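The report below walks through one protein, beginning with its sheet and ending with its aromatic side chains. Please keep the sequence and the structure in view while reading.

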Amino acid sequence: MNKTHPQRNGDVAPFDPAKSFSEERGCCQPHGACLCWPPRCVCVTVLVLLLLAATAAIVGLAVVLGLPPHSPANRLCAASNNRTGFLCDDRVTCIPASQVCDGTTNCRDGEDEQEKLCGDLPRSLPAYLVFRCGNPAHWVYADKRCNGMNDCGDCSDEMGSLATCPPCGSAWWSCSPVFYEYCACVPRSLCRDGIQHCTSWSDEYLCTP
């Protein structure tokens, strides 16, 4: 006579063909987009969330530490009064050309005072920051061109084909200046101040401040 013995702890349960492999392993169902790694199941959704969290942590750490961004490929920009400027690494701050290599850090990360930029003036400067005067031995920063002042010493930055400056603006009076610092215009603020600034005296008799 066949005897039936009760199942004891530790005995292997009979295989149930109705159960899937995933259910046997205690894993997520296949349609749940899960990966079964015995003896535990790791869902893809959890992995994606972990990756996103790690990426956010890295980005946040970079912001906190103030890591410098990549330098802009083109640093030419328009500073105040539409003057030639130098774009800082933050891609927002535009400083006048004459503030580059002036001994003062004007960009947050100091890129306007770097040795590779300031080591051999003016040859180490980008061409757009430099204006060559009529005398080849002299140069001025590009934002000094057409500013009304005799920065080159021979007025080549204010007059002639090299500078190609527009006529005197509304804040200036056109005349032949007496003083060396001006070239073809004098500031209207000097008109009728009792001092001769134009050879024709027009600043005292015709010009109005």
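Two strands are taken to pair if DSSP finds at least two bridges between them. The model discussed here is predicted, and in it three strands form an open sheet in the order β3-β4-β5, with antiparallel pairing. The edges of this sheet are the strands β3 (76-78) and β5 (94-96), each of which pairs on one side only. On average, neighbouring strands of the sheet are turned by 50 degrees against each other, with direction ignored.

The contact between β3 and β4 can be followed down to single residues. Strand β4 covers residues 84-87 and runs antiparallel to β3, to which three bridges join it. Within this pairing, A78 stands opposite T84 in β4.

**The chain as a whole**

The protein has four helices and nine strands, and from the N terminus on these elements follow one another as α-β-β-α-β-β-β-α-β-β-β-β-α. Of its 209 residues, 29% count as buried. The protein exposes about 14,200 Å², and carbon and sulfur atoms supply 58% of that area. Among the contacts between residues at least 6 apart in sequence, 22% join residues at least 24 apart.

**Aromatic pairs**

The structure holds three aromatic pairs, including the two in the table.

| Pair | Geometry | Centre to centre | Angle between planes |
|---|---|---|---|
| W172 and Y182 | edge-to-face | 6.3 Å | 75 degrees |
| W201 and Y205 | tilted | 6.5 Å | 55 degrees |

The pair of W172 and Y182 links distant parts of the chain, since W172 lies in strand β8 (residues 172-174) and Y182 in the loop between β8 and β9 (185-187), ten residues apart. How do the partners of this pair stand with regard to solvent accessibility, buried or partly exposed? W172 has a relative accessibility of 22% and therefore counts as partly exposed, whereas Y182, at 12%, counts as buried. The cut-off that decides this is 20% relative accessible area, under which a residue is called buried.

For the tilted pair, whose planes stand at 55 degrees, the two residues likewise need to be taken one by one. W201 has a relative accessibility of 39%, so it counts as partly exposed. Y205 is exposed, because its relative accessible area is 60% and the term applies to values over 50%.

Definitions and conventions
Residues numbered from 1 in each chain as written. Predicted model: local features only at pLDDT ≥ 70, side-chain atom pairs only at ≥ 80, totals over all residues. Heavy atoms only, no water. Helix = DSSP H or I, 4+ residues; strand = E, 2+ residues; numbered from the N terminus. Axes fitted to C-alpha atoms, helices over the stretch in contact; angles between N-to-C directions. Buried < 20%, exposed > 50% of the residue type's maximum accessible area, 1.4 Å probe, protein only. Contact = heavy atoms within 4.5 Å. Areas by Shrake-Rupley, 256 points an atom, 1.4 Å probe, with all protein chains shown as cover. Phe/Tyr/Trp six-rings, centres within 6.5 Å; stacked < 30°, edge-to-face > 60°.
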